[in-house]
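Please open the structure in your viewer and keep the selection tool at hand. This tour moves from one selection to the next and says what is found at each stop.

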Amino acid sequence: MSRRNVDLPPLNCLQTFEAAARHLSFTQAAHELNLTQSAVSRQIKRLEEDLARPLFHRLALGISLTPAGERYFRTIQRLLRELDRESAELRRRGADRQLTLASTPTISSIWLAALLPHFQSQHPDLDIRILCSESPSHLDVSEYDLGLFYHLDELPAPHGLELSPVFETEEVIAVCSPGYLQRRGEIRDAQHLLEAHTLLIVEDHYHDWLTWADWFSDAGASYHSPRHALRTNSYQLLMQSAVMDQGVSLGWKSLLEGELASGRLQMALPHSMRSRGRLYLMQPHHRNPLPAVRSFQHWLLAHADALKTP
C-alpha cells in the first residue's frame, strides 16, 4: 500500500496524545517528551481537528478522556505494545547474529583480518562488523560490543570500559622483510642497524611510547637520529612499508605472529623488549554480554593461550 493512501494523523501528535492520556496531564506529558505545555496543547488540538472530534474534556481541575479518547487511547497503547515487542524481537535477533568489534586500522588489517576467518568458520551464522579508530576515546561505547586496543598499563582504563589483557606480556621486536635483507645486506648489531640501514619511524602520539630510543636503550646501545629513515604518522603504513622491503620497523611480536609465521617479516635482530603496553579486550560497562560477544571472547583468549611459549 502506498504511504499516500494511508490516512494516518501526524505521528508526533499520536505520541503526544498517548503520553497526555496516560498521565491525564498536559504538563507531565510535556515534561516526559521535553516539550512545552503549549506545544503539547497544540499537538492535541491538531489531532482532534484531524479526527474531527474531541479526545479530552478540559476541566477546571484537569483533563479527562472523552469516550472517543478512551477508545483511541486503548488502540494506540495496543499498537505501541505490539510495536515494542516486535522491535525488541528484531533487535534481539539482530544482536544475536551481529558482533561489532572496534580496533585500530593496524590491528584490524594485520591481525584481525587473518584471525577472523577461523572464528567465522566456527560461527558461520554471525555477521561481523569492524569499526576502525586509533583510540577508543574517539568512539561512543554504544557503537560496539568489544574493543581491541593497545593500552599503557600505568594509565587508567578509558571511561566506560572494562579491560582484560589478551596476552599476559607483550614483546617489542625489530622486524623487516627477507627482501629488504637481500637488497641491503645483513644487520650485524644495533649500532650497524642505526648507521647502515633504514629505520621506519612512526610520528604519532598514539604510539609515542613505542620508540626506537627505548628499544636501543633496552638493548644496551646508544641511539641518535638515524642516517636513513622513513617517517609517517600512520603505523599501518609503517608496517606495510616493512613488508614492502622499505626498512626496519618496531612491532609487537604477538600482533605480527601471522607475518612472522608466513615469512613475510622476520626479526631483524634477536633482541626483544618488554612492552609498556598490552593488547586489551575492552568491553562497555554495565552491559550484559550477548552470546556472540561471549563466543568471541572465549575464542580469542583460547587463541592467545595457544600462542604461549611452553
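Helices and strands are here taken as DSSP runs, a helix having at least four residues and a strand at least two, and they are numbered from the N terminus. With that in mind, select S275, which sits in the loop between strand β11 (266-274) and strand β12 (277-284). The model you are looking at is a predicted one.

Is S275 buried or exposed? Because buried means under 20% relative accessible area, S275 counts as buried with its value of 8%. Now show the side chain of W252 as well, and you will find a polar contact of 3.2 Å between the side chains of S275 and W252. If residues up to four places away in sequence are left out, S275 touches E170, E171, V172, W209 and W252.

Next, select A242, which belongs to helix α9 (residues 235-243). A242 is buried, and its relative accessible area is 0%. Apart from neighbours within four places in sequence, the residues in contact with A242 are C176, S177, L200, G247, S249 and L265. You can also draw a line from the C-alpha of A242 to that of R264, for these two are 22 residues apart in sequence and 9.2 Å apart in space.

From there, go to W212, whose contacts, leaving aside neighbours within four places in sequence, include L200 and S249, together with A174, L193, L199, I201, Y223, V248 and L250. W212 is also one of the residues with the most contacts inside the largest nonpolar core, which has 58 residues; the others named with it are W111, W215 and F296. Helix α5 (residues 105-122) gives the largest share of this core, namely seven residues. The core lies between domain 2 (95-169 + 278-304) and domain 3 (171-274), because both of them give residues to it.

A second, separate core has 19 residues, among them L14, A21, A30 and V40.

For the last stop, select residues 9-66, where UniProt, in an unreviewed entry, places the feature "domain: HTH lysR-type". Over this stretch the chain is 62% helix and 14% strand, and its end C-alpha atoms are 18 Å apart. Then narrow the selection to helix α3 (residues 37-51), whose 15 residues reach 21 Å from the first C-alpha to the last, close to the 21 Å expected at 1.5 Å a residue. Which residues of α3 are buried? They are A39, V40, Q43, I44, L47 and E48. An α-helix has 3.6 residues a turn, so residues three or four places apart point the same way. Just after α3 comes A52, whose phi is positive, near 60°.

Definitions and conventions: Residues numbered from 1 in each chain as written. Predicted model: local features only at pLDDT ≥ 70, side-chain atom pairs only at ≥ 80, totals over all residues. Heavy atoms only, no water. Core = buried A, V, L, I, M, F, W, Y, C linked by side-chain atoms within 4.5 Å. Buried < 20%, exposed > 50% of the residue type's maximum accessible area, 1.4 Å probe, protein only. Domains from an automatic or database assignment. Contact = heavy atoms within 4.5 Å. UniProt positions renumbered as here; feature names shortened; annotations may be inferred. Expected span 1.5 Å × (residues − 1). Polar contact = N/O pair within 3.5 Å; in protein donor to acceptor, adjacent residues only side chain to side chain.
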